[in-house]
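Trainee: I would like to go through this model and ask what stands behind each label. Please show it first.

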Amino acid sequence: MSQNLSIRPMLCPPGNGVFTVNTAKERKEELHQLYYQEKNPQKVEEQWLKSLEKLKDTKLALLGVCSDCGGGIQRGANWGPLFLRQSLYNLNPLYKNPNFVDLGDIRVIPHLLHDKYLNEATIKGCRKALYNDESSKLPVSPLSQTEEVLNSFYELNPQGKVITLGGDHSVSYPAVKTYLQHKLKQKKKVALIHFDAHTDLLHERLGIDLCFGSWVTHILSDLPGPEYCFQLGIRSSGKDRGHWEQAFGIQQFWNYEFKKEGAKKISQLIIEDLKKKGVEEIYVSFDIDALDETEASATGTPEENGLMVDECLNFLYLLSEEFAITGADLMEVAPFLNMPTKKPKINPEPQATLLAAQSILNFFVECML
Ligand SMILES: [Mn+2]
């Protein structure tokens, strides 16, 4: 319970993570009505707080991080968690499941990324704004808050699993890092399966080391070795597969290889390798732009010739038959973006992207509950 209290100030009820007064009010209320059968803010807060009492024993928790400050081309993924929950809960009435808790959203200050980039005066001011206490010890930036919340969750509930909803892909930095460090403590050997059109293997971007294009680089040292990182669906890169594999020691399966060999063959190759390495559990990080732009264009950098939802689900299903998936995230869904794509638009957006995301998320839930 003490841990619940210490993380409580960094969180708010599900759907409320984007700080607004009136924007999207109806949409937030619609989610609360669905989840809590209630839209009165005080009563929603009461029910949400009560549900946090189950954190210690829950099998699965969901966390929303409405931050797109780590993105840098087309933003808008801060709205991901609100829309993703709505589409997930419409399909799967998880709010009735006693083994599930929605942790809510991180209370994001949209101008911040990580506390290490801030000076003392700014941290003080933000602590006053968020916690009404300048001398609070709590972090104030979304990546730092996420790290603190997830560390506390794993400490409180070592067997608990988390699905994190972003946000831009920098949010995976604290989500994956806390997971890997927790598994290391448990002496569990784990691997990372990363779906993306991009490698996210920059060292820094414009001098900033933690962002959507660089988060993978900074979690590699927390894996048993870089060869425990597998990237799938890569196709938008200035350098070829050989460059990344040699420079970082990771393994990649680009979109054309996945298409040529098929989900079954690729999964067999990876499963065999994971077994040889003695891997016990898997974390899946899913950037929605791994999917083809005809299935998911409501994202910051949609790319053509991507993977199809069914291919990804086939792959994930085969993987989950052999290994427990004990951590997952879904990133970069930006529902208000509707960029023109290079192929004729078959599906209206953002419904197509949300439908694709719904299938992936529901798969995570089904195999982690
Ligand atoms: Mn990414």
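Mentor: Start with a definition: a residue is buried under 20% relative accessible area, exposed over 50%, and partly exposed in between. Keep in mind that this is a predicted model.

Trainee: Why is Cys367 called partly exposed?

Mentor: Its relative accessible area is 26%. The label partly exposed belongs to values between 20% and 50%, therefore Cys367 receives it.

Trainee: And what makes Cys126 buried or exposed?

Mentor: Cys126 has 12% relative accessibility. The limit for buried is under 20%, so Cys126 counts as buried. For the chain as a whole, buried residues make up 59% of the 369 residues.

Trainee: How do you know whether Cys126 has a disulfide partner?

Mentor: A disulfide needs two cysteine sulfur atoms within 2.5 Å. The closest cysteine sulfur to that of Cys126 is in Cys69, 11 Å away, so the pair is too far apart for a bond. For Cys367, the closest cysteine sulfur is in Cys312, at 14 Å, which is also too far for a bond. By this rule the count of disulfides is zero.

Trainee: Why is Lys187 pointed out?

Mentor: Most residues other than glycine have a negative phi. Lys187 is not a glycine, yet its phi is positive, about 60 degrees. It lies in the loop between H7 and strand E5 (190-195). With a relative accessible area of 73%, over the 50% limit, Lys187 is therefore exposed.

Trainee: What is the phi of Leu206, and where does Leu206 lie?

Mentor: Leu206 is also a residue other than glycine with a positive phi, near 55 degrees. It lies in the loop between E5 and strand E6 (229-234). Its relative accessibility is 80%, so Leu206 counts as exposed.

Trainee: Which peptide bonds are called cis?

Mentor: Most peptide bonds are trans. The bond from Gly166 to Gly167 is cis, with omega near 20 degrees, and Gly167 is in the loop between strand E4 (161-166) and helix H7 (172-185). Another cis bond joins Glu349 and Pro350, with omega about 5 degrees. Pro350 is in the loop between strand E9 (324-331) and helix H11 (351-368).

Trainee: How do you know that the radius of gyration agrees with a compact globule?

Mentor: For 369 residues, a compact globule would have a radius near 21 Å; the protein chain has 19 Å, so the two agree. The C-alpha trace spans about 55 × 45 × 45 Å along its principal axes.

Note on methods:
Residues are numbered from 1 along each chain as its sequence is written. This is a predicted model: local features need pLDDT of at least 70, side-chain atom pairs count only at pLDDT 80 or more; totals for chains, interfaces and linings use all residues. Side-chain values use heavy atoms; hydrogens and water are left out. The radius of gyration is taken over C-alpha atoms; the globule rule is 2.2 Å times the number of residues to the power 0.38. Buried means under 20% relative accessible area, exposed over 50%, partly exposed in between (1.4 Å probe, protein chains only). Helices (H or I, at least four residues) and strands (E, at least two) are DSSP runs, numbered from the N terminus.
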